[in-house]
Amino acid sequence: MLSGALRALFLWLSNRRWMARVALATPLLRRMPLRFVAGTTLDSAVAAVRALNADGASATLDVLGESVSDRASAERAAAAYVATIERIAAEGLDANVSIKLTQMGLDLGVDACLEVLQPVVEAGDRHGIFVRIDMESSAYVDRTLEVVARLRDSGCDIGPVIQAYLHRSPDDVERLAADRVRTRICKGAYAEPPEVALQERGAIGDAFVALVERLLDADAYPGVATHDPDMIERVKDFARQRDIGSDRFEFQMLYGIRRDLQRQLLAEGYRLRVYVPYGTEWYPYFMRRLAERPANVLFVLRTIFGERG
Ligand code: FDA
């Protein structure tokens with residue numbers, strides 16, 4: 001009950017631009033995201049990826065930012081992604097990129113977004129680096145899948161994320177499985193009403209596993225994005241029963257979360273990709289991480305005040 005209310009509160013706060021401005025302008029608060037974000041610069045992100053690669057994990061780099069409302073800002077974000085891809089290639093890192101389309105101008109229209117994305121997907125193609133398109137709130141799902149489909153039709157190595165909590169997701173996954181599109185499945189991180197999304201943890205878990213199984217059966221190399229040990233065991237069991245090798249899917253987790261489980265999966269010989277966000281626009285991303293686990297607030301308070309003393 002209390003954790004449900006806190007979840008709603010943090011998701012509400014994640015959309016408050018004035019709170020973001022306060023947080024970014026306050027030196028003490030700028031320490032908040034340290035555990036969940038690799039740093040504010042590309043150099044800090046590259047250092048984090050190198051460390052992950054040394055441990056046997058691959059990475060996906062996220063240049064933090066979303067809900068951009070003018071073309072110039074969207075183009076600046078796209079340029080940051082091109083620089084990220086060039087750097088991944090130059091350093092020979094085992095990494096790809098994850099992008100939010102509202103950062104690439106999706107609110108300006110699908111065509112504008114495709115134009116902004118063009119240099120990014122060209123850089124990906126040039127260096128053979130896969131481009132993952134994150135999924136945002138339900139209002140964006142149709143447009144996001146349209147952008148992915150149009151880029152795939154033009155030959156780009158690109159794939160979407162599908163959120164297990166959405167009622168529509170089995171149909172979306174059916175289409176993606178038919179084309180063997182490399183898709184990440186996650187539970188879903190936004191506040192959605194019951195008409196749009198499952199609300200109950202057990203039902204979301206069952207939906208998650210069913211979607212992953214469909215993509216495994218289609219041999220579509222799904223990304224199994226969760227820190228939930230129960231989901232992970234159920235996916236491992238299914239793969240074992242069907243004799244699906246550990247090279248035909250990958251587990252994915254967020255930077256700084258369940259590092260114990262990350263190490264365990266690697267030790268067991270499974271593939272693991274860690275989502276590494278970097279940049280200054282950390283506020284909404286960070287609030288969603290608090291919403292997923294309100295106890296993180298205690299951890300954050302320790303980070304802020306503990307290290308001051
Ligand atoms: P669940 O929330 O049940 O957590 C299981 C356990 O994991 C918890 O008991 C706790 O131990 C640990 N845990 C989970 N979240 C934590 C946190 N924030 N801090 C500390 N511990 C935590 N969503 C979306 O809508 N669109 C997207 O594109 C993506 N992309 C994405 C990529 C990757 C690689 C991951 C791992 C996740 C996403 N998500 C996402 C987020 C996803 O939808 C979901 O909100 C989180 O993964 C939390 O759900 P879990 O499946 O981890 O289970």
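Select D94, which sits in the loop between α4 and β2. The model on screen is a predicted one. D94 counts as partly exposed, with a relative accessibility of 42%. Show its surroundings: leaving aside residues up to four places away in sequence, D94 touches V49, N53, S58 and A59. Now add I232, which is 138 residues from D94 along the chain. The C-alpha atoms of D94 and I232 are separated by 23 Å.

**The barrel**

From D94, go to A59, one of the residues it touches. What is the bridge partner of A59 in β2? The partner is A95. This belongs to the pairing of β1 with strand β2 (residues 95-99), which is parallel and runs over three bridges.

Next, colour the strands. Eight of them close into a barrel with parallel pairing, in the order β1-β2-β3-β4-β5-β6-β7-β8. From one strand to the next, the twist averages 25°.

Then select helix α8 (residues 201-217). Which strands does helix α8 lie across? They are β4 (158-163), β5 (184-186) and β6 (223-225). Relative to β5, helix α8 runs at about 170°.

**Salt bridges**

Side chains of opposite charge can pair when their charged atoms come close. Across the whole structure, a search finds 28 salt bridges.

Start with E66 and R288, whose closest N and O atoms are 3.0 Å apart in a salt bridge. E66 is in the loop between β1 (58-63) and α4 (71-91), while R288 belongs to helix α11 (residues 283-292), so this pair ties together parts that are 222 residues apart in sequence. Are these two residues buried or exposed? E66 is buried, its relative accessible area being 19%, and R288 is buried too, at 5%.

Move on to R150 and D111, where the N to O distance in the salt bridge is 2.9 Å. R150 is found in helix α6 (residues 141-153) and D111 in helix α5 (residues 110-127), and the pair links distant parts of the chain, 39 residues apart. Both ends count as partly exposed: R150 has a relative accessibility of 37%, and D111 has a relative accessible area of 46%.

A third stop is R234 with D230, a salt bridge of 3.9 Å from N to O. Here both residues belong to helix α9 (residues 229-241); they are four residues apart, and therefore separated by about one helical turn. R234 is partly exposed at 29% relative accessibility, and D230 is partly exposed at 42%.

To finish this part, select D43, R50, R87 and E91 together. Salt bridges with shared partners join these four into one network.

**Cysteines**

Show the cysteine sulfurs. How many disulfides are there? The count is zero. C113 is in no disulfide, and its nearest cysteine sulfur, in C156, is 13 Å away. C113 is buried, with a relative accessible area of 0%. Now select C186. Its sulfur is 19 Å from the closest cysteine sulfur, that of C113, and a disulfide needs the sulfur atoms within 2.5 Å, so the distance is too far for a bond. C186 is buried as well, at 18% relative accessible area.

**Aromatic rings**

A pair of aromatic rings is described by the distance of the centres and the angle of the planes. The search of the whole structure gives seven aromatic pairs.

Select F249 and Y270. Their rings form a tilted pair, 6.2 Å centre to centre with 45° between the planes. F249 lies in the loop between α9 and β7 (250-254), and Y270 in the loop between α10 (259-267) and β8 (272-278), so placed that the pair links distant parts of the chain, 21 residues apart. F249 counts as buried at 1% relative accessibility, and Y270 counts as buried at 14%.

Then select Y275 and Y285. The ring centres are 6.2 Å apart and the planes stand at 5°, so this pair is stacked. Y275 is in strand β8 and Y285 in helix α11, which means that the pair ties together parts ten residues apart in sequence. Y275 and Y285 are both buried.

The last selection is F36, W282, Y283 and F286. These residues form one aromatic cluster.

Technical notes:
Residues are numbered from 1 along each chain as its sequence is written. This is a predicted model: local features need pLDDT of at least 70, side-chain atom pairs count only at pLDDT 80 or more; totals for chains, interfaces and linings use all residues. Side-chain values use heavy atoms; hydrogens and water are left out. A salt bridge is a side-chain nitrogen of Lys or Arg within 4 Å of a carboxyl oxygen of Asp or Glu. Helices (H or I, at least four residues) and strands (E, at least two) are DSSP runs, numbered from the N terminus. Buried means under 20% relative accessible area, exposed over 50%, partly exposed in between (1.4 Å probe, protein chains only). Two strands pair if DSSP finds at least two bridges between them. Axes are lines fitted to C-alpha atoms, for helices over the stretch in contact, and angles run from 0 to 180 degrees between N-to-C directions. Contact means heavy atoms within 4.5 Å. Rings of Phe, Tyr and Trp (its six-membered ring) pair if their centres lie within 6.5 Å; planes under 30 degrees apart count as stacked, over 60 as edge-to-face and the rest as tilted.
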